[in-house]
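Take a moment to turn the structure around on your screen. Let's walk through it together, one part at a time.

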Number of protein chains: 2
Amino acid sequence: MISLADLQRRIDAGDLTADAAIAQSRAAIAAHEKSIGAFVCHDPNVRAQSTGPLRGIAVGIKDIMDTQDFPTEMGSPIYRGFRSRGDAAVVMLLKQAGASVIGKTTTTAFASLDPTPTLNPRNHGHTPGGSSSGSAAAVAAGMIPLALGTQTGGSVIRPASFCGVAAIKPSYRLLPTVGVKCYSWTLDTVGLFAVGVDDVARGLSAMTGRPELLLPPSISTPRIGVVTQDFAGAPDASGAEAVRIAIAAAERAGASARALTLPEIVAEAWRAHPVVQEFEAHQALAWEYRENYDAMAPLLRERLDESKGTTPAAYDAAMGIATRAQHALAKLFDEVDVLLTLSAPGAAPRGLGSTGDARYNRLWTLMGVPCVNVPALIADGGLPVGVQVIARYGDDAGALNAARFVEDALARL
Amino acid sequence: MISLADLQRRIDAGDLTADAAIAQSRAAIAAHEKSIGAFVCHDPNVRAQSTGPLRGIAVGIKDIMDTQDFPTEMGSPIYRGFRSRGDAAVVMLLKQAGASVIGKTTTTAFASLDPTPTLNPRNHGHTPGGSSSGSAAAVAAGMIPLALGTQTGGSVIRPASFCGVAAIKPSYRLLPTVGVKCYSWTLDTVGLFAVGVDDVARGLSAMTGRPELLLPPSISTPRIGVVTQDFAGAPDASGAEAVRIAIAAAERAGASARALTLPEIVAEAWRAHPVVQEFEAHQALAWEYRENYDAMAPLLRERLDESKGTTPAAYDAAMGIATRAQHALAKLFDEVDVLLTLSAPGAAPRGLGSTGDARYNRLWTLMGVPCVNVPALIADGGLPVGVQVIARYGDDAGALNAARFVEDALARL
């Protein structure tokens with residue numbers, strides 16, 4: 001894989017030109033894209049910018065984000081050939097930081113359920129996850145050092161776990177969603193995929209102009225609360241094992257870890273998530289669903305069919321639960337710095353008919369808190385399994401710091 | 001003017017066909033559009049739908065909202081001829097309720113400061129207000145019974161006041177902004193213009209599928225808190241007089257009214273509004289500003305030039321103030337049902353070089369609370385002046401109820 005931090009260091013030291021760094025991605029795409037299918041389209045002639053912290057960094061953009069230089073097709077024939085006039089806000093943030101947009105990565109239709117043709121670089125017989133399938137796979141296959149995705153249920157953290165890369169779903173609206181196709185305005189969150197936690201931190205810091213998001217020279221030792229999310233059902237053996245290993249490694253490295261029970265209102269919020277998501281989707285995708293019904297992807301269409309009867313009153317109640325749960329969750333962070341929990345039920349499921357299950361992710365999306373995936377183990381079939389490190393709303397720096405601590409601890413096992 | 005409630009009653013009674021109702025708007029546009037200039041484009045062949053509560057209602061859509069059937073030009077040459085693929089969520093809500101989109105109304109460039117060619121139907125020498133200039137003027141000129149606008153500072157309530165129509169800026173995100181050009185995601189709010197409060201309530205209820213937003217058969221008597229917003233400076237004589245008259249009328253009709261002082265944190269939020277607005281605008285309009293600088297409207301460009309240095313830390317501080325102010329403001333509504341304050345400093349200023357001042361509006365946009373404009377008096381030059389009735393976040397029904405009470409009371413003066 002191509003490490004963003006490594007490229008930055010070599011470019012800064014004068015050991016690598018920004019153009020050579022981009023050329024490395026171009027060559028890797030030429031070598032691997034045919035077998036992985038992570039891109040909808042890419043520009044074989046893309047060049048480096050000469051300034052900015054992300055000069056020389058080739059970035060893949062999930063194909064629900066507007067780009068002036070590429071079509072934006074939303075993973076759906078309904079948007080075949082669609083050209084936005086300009087760039088999404090996050091694409092401009094990347095360009096202003098010096099990055100080069102190398103192409104658009106595959107997305108399930110409207111960032112929902114229907115799988116893309118993208119393969120998991122770790123094992124072609126298993127899903128790469130979704131909905132940001134192409135972004136996770138493109139980084140995991142070593143084609144690019146940075147990619148953007150979005151999460152409404154679990155579409156950043158889950159594919160990162162399945163593909164064995166780091167990723168952050170930042171605090172709600174730390175990154176703008178302007179120019180990003182909406183599924184649910186209360187939930188949609190732009191996130192980043194990169195090789196490791198330091199790479200993700202560098203990308204997010206450069207995009208937001210927030211130096212405090214860079215990892216500090218000395219990583220502090222976190223107090224960790226371990227959360228099992230029993231309300232979401234039991235994990236697979238590999239998911240449970242990933243959490244055990246991560247905790248053991250963190251404790252060996254000096255961190256404190258203790259099991260925490262989430263307040264009942266937080267479990268209620270987990271149950272409320274789909275109500276919020278689908279009620280808003282019926283408005284956000286009204287034109288697509290009502291005027292292009294036959295062209296809608298089947299799994300998404302079925303989900304919308306099933307949720308058609310959701311009432312404003314049910315939505316208002318779900319939003320009320322979410323607000324109360326956010327307050328209750330905030331209190332937990334008086335006792336611990338971060339929470340650690342499953343990124344997914346386990347390793348990527350076999351087959352390409354499903355992108356896997358977001359049941360361990362959706363609560364955190366509704367809570368708006370920053371989540372970082374850290375690869376924790378390699379299960380049978382060479383399939384990676386991650387854990388997620390979660391901090392208080394707004395404490396993205398704390399989430400990245402603790403995720404790096406866990407990553408370091410795992411590397412020393 | 002064309003009353004939505006009146007059309008609905010006549011259509012329901014079988015005294016008017018939905019097609020005849022639409023034809024009335026078509027004829028009015030043919031008669032008045034040439035002198036007012038409220039539309040960017042309109043469809044002289046638009047037809048009525050046969051079902052839905054808004055069948056027979058011709059609606060004007062602010063030209064920052066995506067429409068499949070019309071270009072969406074954002075009031076800027078940068079978007080000349082731009083065609084979205086589908087309809088904005090609010091356009092679909094209208095269509096699903098049976099309304100007919102008759103055309104796109106003028107907007108200042110990206111819903112900001114630079115005036116459109118639209119004239120104020122009450123007095124052609126004075127601004128109709130902005131940024132939803134065309135929507136306010138089209139209703140005021142009697143061309144259409146309903147129009148959509150947006151408010152980020154004061155772009156719904158102010159033009160409604162200047163043009164002498166009712167309008168609601170609903171609670172934040174009661175109406176979705178999906179497919180609406182973003183200026184500031186924390187502030188942008190879709191609103192409705194119509195002749196009177198009942199008309200506005202019917203439109204909002206039909207769009208949202210919330211029957212509780214319809215006015216009840218018997219309007220309850222509100223406890224009114226009167227707020228002067230001294231932190232925003234002194235009003236013109238006509239603005240102050242509008243508040244005096246509205247209060248006197250409401251008291252005569254049996255309402256209680258008492259002066260309230262807003263907590264200091266709320267005044268701080270008033271000062272924080274521009275920080276939130278411009279920091280987000282620099283991201284939302286990054287492509288337009290950075291890659292089309294020369295084509296940007298001059299007043300907007302100047303505002304962006306001036307706010308270029310706003311830091312993430314200043315933005316975070318402003319957002320923190322906004323949250324604390326929302327909590328402090330909510331407590332005020334334990335003592336009163338609604339607040340009543342200025343909709344604008346006074347009557348529409350002379351000339352077309354400015355759309356007027358949003359200083360009495362911006363606080364309420366940041367607070368996310370529902371605001372309803374009620375025309376209160378006619379000042380010199382035939383210029384109307386409104387007052388705004390403001391309720392607790394989420395209590396749009398309460399805001400409409402009290403606004404109707406004030407409207408009734410003023411009519412009986």
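What follows looks at how the two chains meet and then at a sheet in chain B.

Keep in mind as you look that this is a predicted model. Start where the chains touch: 24 residues of chain B are in contact with 24 residues of chain A. On the chain B side, the elements that give two or more residues to this contact are α3 (89-96), α8 (264-284) and α9 (286-291). The largest share comes from α9(B), with four residues. If you sort the residues on this side of chain B by type, you get 13 nonpolar, five polar and six charged.

Now for how the copies are arranged. A turn of 180° with a shift of 0.0 Å along the axis lays chain B on chain A, with an RMSD of 0.0 Å. The two copies are therefore related as by a two-fold rotation axis. Both copies use the same surface, as 100% of the contact residues of chain B recur in chain A. Want to find the axis from chain B? Look for B:Ser84, whose C-alpha comes closest to the axis of the residues of chain B, at 3.9 Å.

Next, the sheet. Chain B has an open sheet of eleven strands, in the order β1-β3-β2-β4-β6-β5-β10-β11-β9-β7-β8, and the pairing is mixed. At the edges stand β1 (39-42) and β8 (256-259) of chain B, each with a single partner strand, so one side of each has no neighbour in the sheet. From one strand to the next, the twist averages 30°.

To zoom in on one pairing, pick β9 (residues 338-342) and β11 (residues 383-391) of chain B, which pair in the antiparallel sense over five bridges. Here B:Leu340 has B:Val389 in β11(B) as its bridge partner.

Note on methods:
Residues numbered from 1 in each chain as written. Chains lettered and ligands numbered in written order. Predicted model: local features only at pLDDT ≥ 70, side-chain atom pairs only at ≥ 80, totals over all residues. Contact = placed C-beta atoms within 7 Å. Nonpolar A, V, L, I, M, F, W, Y, C, P; charged D, E, K, R; others polar. Least-squares fit on C-alpha atoms with pLDDT ≥ 70 in both. Pairing = 2+ DSSP bridges. Axes fitted to C-alpha atoms, helices over the stretch in contact; angles between N-to-C directions.
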